[in-house]
Amino acid sequence: MHAPQTGPPPEGGAQPGGSGGVSGIVPAALDGHRLVPLATALLDADGLVLHWSEDAERLLGWRADEIVGHFAAPLLATAEHRPEVLELYEHILAGRRWSGIFPVRHKDGHEVALDFRTYGITGPGGRPLVLATGSDVRAIQQVEGNLAVLDGFFTQSPIGMAVYDTELRYVRINPALAAMNGLPVEDHLSKRLDEVLPGINTTEIESVMREVLATGEPVIDARSHGRTPGAPGHDHAWSASYFRLADASGRVLGVSSSLIDVTERFQAEARAARAQERLTLLAEASARIGTTLDMQRTAEELVSAVVPKFADFATVDLLDPILQGEEPGLLAPDQGVLLRAVASGEAYGAGLTNVADAVGETTAYDSSRIYTKSLRSGRPMVVAKVDEAALRRIAPREERVEPGLAAGIHSYLLVPLLARGMVLGGAEFVRTRNPESFSESDVALAEELVARTAVCIDNARLYRRERDTALTLQRSLLPQEIHRTLGLEIAYRYLPSSVVSEVGGDWFDVVPLSCGRVALVVGDVMGHGIRAAATMGQLRTVARTLATLDMPPAQVLARLDETATGIGEGQFATCVCAVYDPVDRSCTVASAGHLPPVVMGTDGVARVLDVPPGVPLGVGGVSFENVDFTLPEGSVLTLYTDGLVERRGEDIDRGINELCATLAARGRTLEAHCDAVVSALVRGDSEDDVAMIMARALPLPSDRMATLQLTGQGPMPARARRFTRGTLAAWGLGPLADSAELLVSELVTNALVHAQEPQRLRLFRDRMLTLEVADSGRQAPRLRPSGSQDEGGRGMHLVNELAQRWGSRPTRSGKVVWAELELPLGS
């Protein structure tokens with residue numbers, strides 16, 4: 001190189017501050033950024049810099065505009081190295097290539113050791129040029145070290161590692177994974193998984209790798225399992241992680257995986273999972289078994305709890321004397337047992353139900369049978385592997401052996417039902433499709449389940465003598481929960497005459513009806529005891545059923561009178577029934593020999609409602625009369641039985657007047673009213689039951705009801721549909737709009753066709769969404785048969801299919817036809 005010169009550069013050289021016209025000679029690849037920066041410079045024969053790359057700027061600090069057009073030696077070589085640089089440069093110009101490590105001065109003054117490659121090249125017009133490339137020696141050494149570490153990590157890692165191409169062929173595999181597979185490394189390369197390892201779940205593994213290739217999302221702890229050529233007789237499990245390989249430009253190169261053998265952990269997890277399954281089964285079965293005091297039901301609960309989670313087939317048999325309510329006795333050592341099947345069940349339709357005893361069938365087992373020996377000893381019997389000989393000792397009859405073998409019985413377990421040290425029967429468990437034999441842990445679980453079942457069955461047996469009474473009282477139970485009623489607040493009290501027996505004939509009920517209406521019923525069967533309670537249960541059930549049919553109160557009482565007449569001679573009862581509509585706060589009341597209701601107005605004054613008393617239920621052949629009145633907002637209606645106001649030796653009107661006086665107080669809650677009445681009127685020596693309902697009229701929320709008058713011009717069904725959709729959208733019930741529109745359209749169309757005068761569409765939202773159409777017709781709609789060629793007659797069939805419930809009720813001006821839809825959860 002020459003010393004710096006002044007003046008313009010030689011002809012054809014680069015101008016200072018740029019790369020000059022010869023920059024295109026430098027390959028584009030040498031101009032880009034590298035993991036190890038590669039500085040490139042192009043110099044003419046005099047040492048003038050013609051090109052200076054971006055990596056050269058990064059490595060040495062000189063910008064291109066600072067060095068292009070200047071002589072390199074004064075800028076880059078220190079004074080002590082300059083003679084050596086000039087000498088090397090002369091040799092390069094003479095056609096010799098030179099490479100080696102040489103220090104170069106950084107712009108800030110420190111030296112940078114560069115690994116040089118120099119080339120003498122010919123420029124335009126045969127002009128001699130020098131191309132020099134250099135890389136930081138420290139960066140090269142670091143990359144080499146990193147590559148050595150990575151290669152060592154891959155080859156020396158105890159974790160199995162592999163690289164696959166985009167066709168999921170092995171590209172590289174480390175010795176650890178080759179050892180796991182039991183094949184040399186070279187036997188893997190360029191092959192697919194199923195070619196190398198046909199004994200594992202290759203389809204699932206390749207599916208995971210394809211997903212990684214497609215999405216770039218890594219997968220951690222993907223499980224694989226099977227057998228390898230290195231261990232063809234043993235099952236193994238592996239945990240694998242996969243990630244996609246891509247170059248700096250984003251081009252997908254393949255998939256890398258790392259694997260570890262988790263066979264022991266997998267087996268431990270499997271054992272823990274089985275133990276957890278047993279605990280779960282025990283907890284679930286404990287909650288399900290013994291929900292009733294019924295022996296057969298308890299046995300069925302055991303069977304349903306264990307099939308198919310524990311056994312493929314199960315049956316419960318009880319000793320015949322147990323089913324007769326007798327005490328269990330000791331089993332004689334030389335005698336057989338007589339057992340009756342009370343429950344059985346199977347999974348997968350194996351056909352064992354047809355082979356075993358049918359429920360209710362009695363079978364005798366002789367003393368040599370496994371069943372008899374197990375019951376006699378009180379210990380479970382397990383046949384882990386069932387063969388023909390074992391099945392002949394298990395089956396009660398020879399003709400059941402072949403069908404049992406054909407069904408695939410391979411493991412059998414019998415556990416005696418023991419309670420208070422006595423044998424009640426036995427429970428059999430059979431496995432057919434489940435491949436595992438019954439183990440010791442299975443026996444322990446079965447004993448726990450059967451022991452609980454046995455205690456419940458014994459309790460049911462001991463309670464058998466009380467069963468008839470208990471069931472009678474159960475049917476007569478009063479409602480334990482009164483559902484919220486829109487537009488009506490309800491409170492109630494029931495006080496039996498005898499705290500010990502709680503057997504009486506008074507009852508009350510609150511029956512939700514269609515369109516937000518509610519029926520309030522209070523009744524009193526004359527007399528006490530089980531018979532009165534049984535009669536009360538029947539009447540209450542019938543009254544509830546009749547009320548839900550949208551019958552007016554008088555009609556309900558008339559049908560109830562027929563029921564009371566049919567129950568038996570001397571069974572009389574009084575009853576009052578009221579139906580309240582929260583929309584217009586109208587109330588209809590009818591009485592069958594019952595005491596009159598009391599209404600407390602908003603002014604705080606309580607008065608007796610004038611209702612025709614009628615005759616008691618059970619007289620037969622009489623009619624009852626409805627009384628209509630309006631229950632103003634805030635007023636309270638009270639229905640009660642005579643036990644509240646009747647006193648021995650006193651006129652009953654006195655008790656009714658006392659009730660009115662107690663109710664006549666403003667500012668109380670409904671519950672406080674009930675408490676005040678009970679405190680004032682109920683005495684400790686009362687000989688009669690007390691039943692009472694109080695109902696306060698509340699304002700109906702405006703967002704619970706919407707009404708459209710079906711008058712004027714235009715197509716009514718279309719108007720009704722638009723109104724319905726708009727209303728449901730405002731109520732946040734959009735998902736019901738399609739079904740509701742279709743129902744409304746059919747109801748309005750039905751009214752147009754069959755009643756000619758639709759009057760009103762009303763939407764009501766309470767526990768259900770109710771759609772009701774009022775018209776002037778009197779005839780109730782019905783489902784009519786229609787042929788395939790008929791043009792009509794299917795409207796109510798469609799309503800019947802779409803609605804949760806539908807019906808009609810008469811009104812003063814015609815009728816109302818309604819349909820209900822179930823509200824979405826959370827509405």
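**Exercise 1. Confidence**

What is the mean pLDDT of the protein, and what percentage of its residues reach 70 or more? Then find two stretches where pLDDT stays under 50.

*Solution.* Keep in mind that this is a predicted model. Step one: the mean pLDDT is 82, and 86% of the residues reach 70 or more. Step two: pLDDT stays under 50 over residues 1-34, a stretch for which the model has 62 contacts beyond four places in sequence. Step three: residues 498-502 also stay under 50, and here the model has 1 contact beyond four places in sequence.

**Exercise 2. Strand E16 and its partners**

Let's turn to a strand. Work out how strand E16 (residues 422-431) is placed and how strands E11 and E15 pair with it.

*Solution.* Start with burial: 10 of the 10 residues of E16 are buried, so the strand is largely enclosed by the rest of the structure. Next, take strand E11 (residues 313-319), which pairs with E16 in the antiparallel sense over 6 bridges. In this pairing phenylalanine 313 stands opposite valine 430 of E16. Then take strand E15 (residues 411-419): E15 and E16 are antiparallel too, with 9 bridges, and serine 411 stands opposite arginine 431. Finally, look at the hairpin of E15 and E16, where 2 residues lie between the strands and arginine 420 takes a positive phi near 55°.

**Exercise 3. The cores**

Which members of the largest nonpolar core touch the most other members, and which helix gives the core its largest share?

*Solution.* The core has 59 residues, and Phe310, Val316, Tyr412 and Phe429 touch the most other members. Its largest share, 8 residues, comes from helix H16 (residues 440-462). Apart from this core lies another, of 28 residues, which includes Leu728, Trp731, Ala740 and Val744. For Trp731 there is one more detail: the charged end of arginine 765 sits over its ring, 5.4 Å from the centre. Back in the largest core, zoom in on phenylalanine 429: among the residues it touches are Val306, Phe310, Phe313, Tyr412, Phe438 and Val450.

**Exercise 4. Aromatic pairs**

How many aromatic pairs does a search of the whole structure find? Describe the pair of phenylalanine 310 and phenylalanine 429, then that of tyrosine 365 and tyrosine 371.

*Solution.* The search finds 7 pairs. Phenylalanine 310 and phenylalanine 429 are edge-to-face, at 5.6 Å centre to centre with 85° between the planes. Phenylalanine 310 lies in the loop between helix H10 (295-306) and E11, while phenylalanine 429 is in strand E16, so the pair ties together parts 119 residues apart in sequence. Both phenylalanines are buried. The rings of tyrosine 365 and tyrosine 371 have centres 4.8 Å apart and planes at 50°, so this pair counts as tilted. Tyrosine 365 is buried at a relative accessible area of 5%, and tyrosine 371 is buried at 0%. Elsewhere, ring pairs link Trp98, Phe102 and Phe116 into a cluster. One last look at phenylalanine 310: arginine 431 lies over its face, 5.3 Å from the ring centre.

**Exercise 5. A loop tryptophan**

Is tryptophan 62 buried or exposed, and where does it lie?

*Solution.* First, the place: tryptophan 62 is in the loop between helix H1 (54-60) and helix H2 (64-67). Second, the burial: its relative accessible area is 12%, under the 20% cut-off, so tryptophan 62 is buried. Third, the surroundings: tryptophan 62 touches residues including Trp52, Leu75, Arg105 and His106. Its C-alpha atom is separated by 7.7 Å from that of histidine 106, which is 44 residues apart along the chain.

Conventions
Residues numbered from 1 in each chain as written. Predicted model: local features only at pLDDT ≥ 70, side-chain atom pairs only at ≥ 80, totals over all residues. Heavy atoms only, no water. Buried < 20%, exposed > 50% of the residue type's maximum accessible area, 1.4 Å probe, protein only. Helix = DSSP H or I, 4+ residues; strand = E, 2+ residues; numbered from the N terminus. Pairing = 2+ DSSP bridges. Core = buried A, V, L, I, M, F, W, Y, C linked by side-chain atoms within 4.5 Å. Contact = heavy atoms within 4.5 Å. pLDDT = per-residue confidence, 0-100. Phe/Tyr/Trp six-rings, centres within 6.5 Å; stacked < 30°, edge-to-face > 60°. Lys NZ or Arg CZ within 6 Å of the ring centre and 35° of its normal.
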